[in-house]
Amino acid sequence: MSQGRLGVAGLLLGLVLAACGEDDGVEPATAELWTVPPPSLDRLEGAVRDRLREAQDELDAAVERDADDLGERMGETGKLYHAHGFVDAAEACYLNARRLDPETFAWPYLLGRLYGQNGDGARGEEALKRALELREDYVPAWIALGHLRRETNRLPEAAEAYDQALRLDADSPAAWIGLGRTALAREDYAAA
């Protein structure tokens, strides 16, 4: 199936979901949001390009047949886009996956990581907080939340996130490093 058909299928999915009135308040309820923009794969090596095209085709087919595992397929395709730096396509897939499969921790977590990696700390924090509502014991989510807060100079809140990670895993190097960097940023050299 062509990349253009994927966009059409995504638009149709968006219209159906928007008509259902599902809106969790995190993103606008527009049909365009549900379109998965197929990226240009020209810059990729042959095997990677072929795998992403295959994933696009599989997703397009799943949308057309309204597959039971559509949320999972959206999320898995989002992971591929994310791994190869296709931010817009990854975001659309994760948003779709989260809407279709709202109790799956992975989709808001990965969406939060994507936003954080691309400088959108506010949206990243909201997505990570949603993920932690679903799975409050996931140490990497607490660490990612701490990083986002530290990067926006919200140092007490960053320390709280790192402390929570350490309550869950006292041996987490990433949590200790984050806490130390937060202490340095606060100029608390003794704690650092």
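# Exercises on an all-helix predicted model

The largest nonpolar core of this predicted model has 45 residues, and those with the most contacts inside it are V36, Y81, F86, Y94, Y109 and L111. The elements that each give two or more residues to this core are α2 (46-64), α3 (70-83), α4 (87-100), α5, α6, α7, α8 (155-168) and α9 (173-185).

## Exercise 1: The overall fold and its confidence

Describe the secondary structure of the protein chain, and decide which element has the lowest mean pLDDT and which the highest.

Solution. Begin with the count: the protein chain has nine helices and zero strands, so that its elements, read from the N terminus, run α-α-α-α-α-α-α-α-α. Next, consider burial and contacts: of the 192 residues of the protein chain, 44% count as buried, and among contacts between residues at least 6 apart in sequence, 53% join residues at least 24 apart. Then turn to confidence, where the mean pLDDT of the protein chain is 83 and 82% of its residues reach 70 or more. Among the elements, helix α1 (residues 3-19) has the lowest mean pLDDT, at 42, and α8 has the highest, at 97. Over residues 1-33 the pLDDT is below 50, although this stretch has 52 contacts in the model beyond near neighbours in sequence. Where pLDDT is low, the predicted coordinates should not be read in detail.

## Exercise 2: Aromatic pairs

State how many aromatic pairs a search of the whole structure finds, and work out the geometry of the pair formed by Y109 and Y138.

Solution. The search finds four aromatic pairs. One of them joins Y81 and F86, which are edge-to-face, with 6.3 Å from centre to centre and 85° between the planes; both Y81 and F86 are buried. For Y109 and Y138, the ring centres are 5.2 Å apart and the planes stand at 85°, so this pair is edge-to-face. To place the two residues, note that Y109 lies in helix α5 (residues 106-117), whereas Y138 lies in the loop between α6 (121-134) and α7 (139-151), so the pair ties together parts that are 29 residues apart in sequence. Their exposure can be read from the relative accessible areas: Y109, at 9%, is buried, and Y138, at 22%, is partly exposed. Finally, ring pairs link F105, Y109 and Y138 into a cluster, and the charged end of R135 sits over the ring of F105, 5.5 Å from its centre.

## Exercise 3: Helices α8 and α9

Check the lengths of α8 and α9 against the expected rise, and then find what their buried residues pack against.

Solution. At 1.5 Å a residue, the 14 residues of α8 should span 20 Å, and this agrees with the separation of 20 Å between its end C-alpha atoms. For α9, with 13 residues, the distance from the first C-alpha to the last is 18 Å, close to the 18 Å expected at 1.5 Å a residue. The next step is burial: in α8 the buried residues are L155, A158, A159, A161, Y162, Q164, A165 and L166, and in α9 they are A175, G178, L179, G180, T182 and A183. The cover over the buried residues of α8 includes α7 and α9, while the buried residues of α9 pack against α7 and α8. Just after α9, E187 takes a positive phi of about 60°.

## Exercise 4: Three individual residues

For T77 and I177, decide whether each is buried or partly exposed, and list the contacts of T77 and of Y94.

Solution. T77 is found in helix α3, and its relative accessibility of 6% makes it count as buried. Not counting residues up to four places away in sequence, T77 touches A55, L59 and C93. I177 has its place in helix α9, where its relative accessibility of 46% makes it count as partly exposed. The C-alpha atoms of I177 and A192 are separated by 9.0 Å, and these two residues are 15 residues apart along the chain. Lastly, return to Y94, one of the residues with the most contacts inside the largest nonpolar core: leaving aside its neighbours within four places in sequence, Y94 is in contact with G75, G78, K79, H82, W107, L110, L111 and L114.

Conventions:
Residues numbered from 1 in each chain as written. Predicted model: local features only at pLDDT ≥ 70, side-chain atom pairs only at ≥ 80, totals over all residues. Heavy atoms only, no water. Phe/Tyr/Trp six-rings, centres within 6.5 Å; stacked < 30°, edge-to-face > 60°. Buried < 20%, exposed > 50% of the residue type's maximum accessible area, 1.4 Å probe, protein only. Helix = DSSP H or I, 4+ residues; strand = E, 2+ residues; numbered from the N terminus. Lys NZ or Arg CZ within 6 Å of the ring centre and 35° of its normal. Core = buried A, V, L, I, M, F, W, Y, C linked by side-chain atoms within 4.5 Å. Contact = heavy atoms within 4.5 Å. Expected span 1.5 Å × (residues − 1). pLDDT = per-residue confidence, 0-100.
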